[in-house]
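Biologist: I would like to go through this structure step by step. Please give your reasoning before each result.

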Amino acid sequence: MIKLFVGLGNPGPEYESTRHNAGFWWLDEVARELKAPLVMDKSYYGMVARTSVNGQSVWLLKPQTFMNLCGKSVAALARFFKISPQEILVAHDELDIVPGEAKLKLGGSHAGHNGLRDIHAQLGTDDYWRLRLGVGHPGIKSEVIHWVLKKPSLDHRIAIDQSIDRAVKALPHFLSGDMDKATMLIHTSKPPRPKVPKPETPAL
């Protein structure tokens, strides 16, 4: 099961509504769902909540270190409470996925994401779960930094919020350790289209 839920973003009001903070948006919804208010804890360099689900402690964490140093926050909490990498889920913005889509994966490359890069380094492994919240790509590599630090368009924000809602609905599966069911729920973004009945051929 997942024991530590992490949302990535940058602290401060100027970053609050930017694409890079999609992980924060998701974690705020999780905190609401679990009725676990986040409070600043300097020992873990972040906003932390602790709750209990079926007798098992669960932590929520929003690192307040800025994105490229967030691994320090994640590793500090995980080490202190002896949480293994496979019990950690990190939610973050993902350029290679369109707004409205989200993907769940265990392990793999950081793909240039500075937050994941630092978590890899601080945990000493890539073997943790990621919830990749699609924010889309500007189409030009040199524009990526400006893109993630800007607010999404209203249409994109609505689509991102829909993917966040879907991923929050997977919480019971995260907490029971049924990652296959969580994956199925998160990856199914559109209801199947109803089949259009074929027009009847008129009798000759």
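Biologist: What volume does the second largest pocket have?

Modeller: Bear in mind that the model is predicted. The lining of this second largest pocket comprises 14 residues, with N10, E16, N21, F24 and K62 nearest the centre. The volume of the second largest pocket is about 160 Å³.

Biologist: Which helix gives the most to the lining of the second largest pocket?

Modeller: By class, this lining has five nonpolar, five polar and four charged residues. Three residues of the lining come from one helix, made of residues 22–33, and that is the most given. The element is helix 1.

Biologist: How much space lies in the largest pocket?

Modeller: The lining of the largest pocket is made up of 26 residues, and L95, G112, H113, N114 and V144 are those nearest its centre. Strand 5 (88–94), helix 3 (114–123), strand 7 (129–134) and helix 4 (144–148) each supply at least two residues to this lining. The space in the largest pocket is about 620 Å³.

Biologist: How many residues of the lining of the largest pocket are charged?

Modeller: The lining residues divide into three classes. Nine are nonpolar and ten are polar. The charged residues number seven.

Biologist: In what order do the strands of the sheet lie?

Modeller: Seven strands form the sheet, which is open and has mixed pairing. At its edges are strand 2 and strand 6 (102–106), each pairing on one side only. From one strand to the next, the twist averages 25°. The order is 2-3-4-1-5-7-6.

Biologist: Which residue in strand 5 is the bridge partner of L4?

Modeller: Strand 1 covers residues 4–7 and pairs with strand 5. The two strands run in the parallel sense, with four bridges between them. The bridge partner of L4 in strand 5 is I88.

Biologist: What angle does the direction of helix 3 make with that of strand 5?

Modeller: Helix 2 packs on the sheet, where it touches strand 1, strand 3, strand 4 and strand 5. Helix 3 also packs on the sheet, touching strand 5 and strand 7. The direction of helix 3 makes an angle with that of strand 5 of about 155°.

Biologist: Against which elements do the buried residues of helix 3 pack?

Modeller: The buried residues of helix 3 are G115, L116, D118, I119, H120 and L123. Just after this helix, G124 has a positive phi of about 75°. The buried residues of helix 3 pack against helix 2, strand 5 and strand 7.

Biologist: Is D118 buried or exposed?

Modeller: D118 lies in helix 3. Apart from neighbours within four places in sequence, D118 is in contact with N68, L69, C70, G71 and K72. C70 is 48 residues from D118 in sequence, yet their C-alpha atoms are 6.5 Å apart in space. The relative accessible area of D118 is 12%, and buried means under 20%, so D118 is buried.

Biologist: Why does F66 count as partly exposed?

Modeller: F66 is in the loop between strand 4 (56–63) and helix 2 (70–80). Its phi is near 80°, a positive value in a residue other than glycine. Partly exposed residues lie between the limits of 20% and 50%. F66 is partly exposed because its relative accessible area is 39%.

Note on methods. Residues are numbered from 1 along each chain as its sequence is written. This is a predicted model: local features need pLDDT of at least 70, side-chain atom pairs count only at pLDDT 80 or more; totals for chains, interfaces and linings use all residues. Side-chain values use heavy atoms; hydrogens and water are left out. On a 1 Å grid over the protein atoms alone, a cavity is a set of points where a 1.4 Å probe fits but cannot get out, and a pocket is an open set with protein on both sides within 12 Å along at least five of seven lines; lining residues have an atom within 4 Å of a point. Grid points are joined across faces, edges and corners, and a volume is the space filled by probe spheres set on the points. Ala, Val, Leu, Ile, Met, Phe, Trp, Tyr, Cys and Pro count as nonpolar, Asp, Glu, Lys and Arg as charged, and the others, Gly among them, as polar. Buried means under 20% relative accessible area, exposed over 50%, partly exposed in between (1.4 Å probe, protein chains only). Contact means heavy atoms within 4.5 Å. Two strands pair if DSSP finds at least two bridges between them. Axes are lines fitted to C-alpha atoms, for helices over the stretch in contact, and angles run from 0 to 180 degrees between N-to-C directions.
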